[in-house]
Amino acid sequence: MRRRLKPVLIVLFTLIVGGGGWITWQLRSPPAPPASQRLPISLSPTPALRAQFFGATTLLLRDRDHAVMIDALLSRPGMCDVLFGTIGPDAARVDSVLKRGKVDKIDLLFITHSHYDHSLDAAAIARRTGAIIIGSASTQQIALGGGVGAARTRLVAGGERFDAGSFRVTAFRSRHSPGDHVPGVITGPIRPPAKAQDYKNGGTYAYLVEHGGLRILVHASANYVPDMYRGVKADIVFIAIGGLGAQPADFVERYWRETVGATGARLVIPTHWDNFVRPLDGPFVPLPRLMDDVPAAIAKIESLAKHDRVTIRTMPPVAPVDIAAALPARR
């Protein structure tokens, strides 16, 4: 009997150990992109135009007098709260990150869609910086629930243009990446704390920011509307790669051609790859393999970039980058 049980026990032990190792591997974050690919922090106290990246898809562009922000996630609630509890703006974290970034005034705050990882802190940021919130009707409901009145919101459907000093921002109707887990619209004000599932998509948008002859496209969800950028030129594309690792090669190539290829961009900066359920108090860490295959996504766009002779770089957390100086020379 013992002789017969021994092989069974060995197999069970192997499965348990192997399964545990696989789970551990899946929960572990892969290595971050190398530091050599990261854009340098600006040493100038007041470059003509600087960009600051706050992880996920939250980006600030500002000059000496004006600032525009795209998306609004600074609180970055933890995984357990997102999956099983409730979430809301963390006032202390929002204040801390804004202070760290030396951000005290924002003119316009654009939301690409209303999932929590793009919109959670919109109202909190607007209240602290005086920003006008711009997005879908669902985004407006988030603003209202957060204590920002309708007079300080603007709605987009695609094609609108908004100005702030030397900034000119144009909205484009886009699509969420395949497999939207929280579709639909928000029909009433969200008063946090609320469930992550309450932050429904509400419509997806991209924004072209023009400043002093520089054209920066912020495309914050890994999908596209065919020919959405026909006739549109951009120097730099902040391109979302969330979920892209699981997509087939032909989809990734079409996505690249409809965004980077169509606009003729020379510099591509990936977004939506870092682990946004970790606070912004350290370096960016990729999402665990269980949540996304970030290395596969980066490898796919690097292959396309090499073919098209396009430069790919990542952003440092929070610190300013002289974005105009980062632009490669024309080839």
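Two strands count as paired if DSSP finds at least two bridges between them. Keep that cut-off in mind, and remember that this is a predicted model.

**Stop 1: β5 and β6.** Select residues 132–135, which form strand β5. Add β6, residues 153–155. β5 and β6 run parallel and share three bridges, so they pass the cut-off of at least two. For one point of register, pick Gly-135 and find its bridge partner, Leu-155 in β6.

**Stop 2: the helix on that sheet.** Now select α5, residues 122–129. Helix α5 packs on the sheet and touches β3 (67–70), β4 and β5. The direction of α5 makes about 150° with that of β5.

**Stop 3: the whole sheet.** Colour the strands in the order β6-β5-β4-β3-β2-β1-β14. These seven strands make an open sheet with mixed pairing. Which strands stand at the edges? They are β6 and β14 (321–322); each has a single partner strand, so one side of each is left without a neighbour in the sheet.

**Stop 4: the loop between β1 and β2.** Go to β1 (50–53) and β2 (59–62), and select Ala-56 in the loop between them. Check the phi of Ala-56: the value is positive, near 50°. Most residues other than glycine have a negative phi.

**Stop 5: the other seven-strand sheet.** Show β7-β8-β9-β10-β11-β12-β13, in that order. This sheet is open too, and its pairing is mixed. β7 (161–164) and β13 (311–312) are the edge strands, each pairing on one side only.

Zoom in on β10 (residues 214–219) and β11 (residues 236–240). They pair in the parallel sense, over four bridges. Leu-217 faces Val-237 of β11 here. Then add helix α7, residues 249–263. Helix α7 lies across β10, β11 and β12 (267–271), and runs at about 165° to β11.

**Stop 6: an aromatic pair.** The whole structure holds eight aromatic pairs. Select one of them, Phe-110 with Phe-162. The ring centres are 5.7 Å apart and the planes stand at 70°, so this pair is edge-to-face. Planes over 60 degrees apart earn that label. Phe-110 belongs to β4 (residues 108–110) and Phe-162 to β7, so the contact ties together parts that are 52 residues apart in sequence.

**Stop 7: a cis peptide.** Move to the loop between β8 (167–173) and β9 (205–211), where Pro-193 is found. Select Pro-192 as well: a cis peptide bond joins Pro-192 and Pro-193, with omega at about 5°. Most peptide bonds are trans.

**Stop 8: the largest pocket.** Switch on a surface. How much space lies in the largest pocket? About 900 Å³. Its lining has 34 residues. Select Asp-117, His-176, His-181, His-272 and Phe-276, which lie nearest the centre of the largest pocket. Next, highlight α2 (79–84) and α4 (116–119); each supplies at least two residues of the lining. By class, this lining has 17 nonpolar, 13 polar and four charged residues.

**Stop 9: the second largest pocket.** Finish with a volume of about 180 Å³ in the second largest pocket. Twelve residues line the second largest pocket. Nearest its centre are Arg-50, Arg-62, Gly-101, Lys-102 and Pro-320. Colour the lining by class: five residues are nonpolar, three polar and four charged.

Methods:
Residues are numbered from 1 along each chain as its sequence is written. This is a predicted model: local features need pLDDT of at least 70, side-chain atom pairs count only at pLDDT 80 or more; totals for chains, interfaces and linings use all residues. Side-chain values use heavy atoms; hydrogens and water are left out. On a 1 Å grid over the protein atoms alone, a cavity is a set of points where a 1.4 Å probe fits but cannot get out, and a pocket is an open set with protein on both sides within 12 Å along at least five of seven lines; lining residues have an atom within 4 Å of a point. Grid points are joined across faces, edges and corners, and a volume is the space filled by probe spheres set on the points. Ala, Val, Leu, Ile, Met, Phe, Trp, Tyr, Cys and Pro count as nonpolar, Asp, Glu, Lys and Arg as charged, and the others, Gly among them, as polar. Contact means heavy atoms within 4.5 Å. Axes are lines fitted to C-alpha atoms, for helices over the stretch in contact, and angles run from 0 to 180 degrees between N-to-C directions. Rings of Phe, Tyr and Trp (its six-membered ring) pair if their centres lie within 6.5 Å; planes under 30 degrees apart count as stacked, over 60 as edge-to-face and the rest as tilted.
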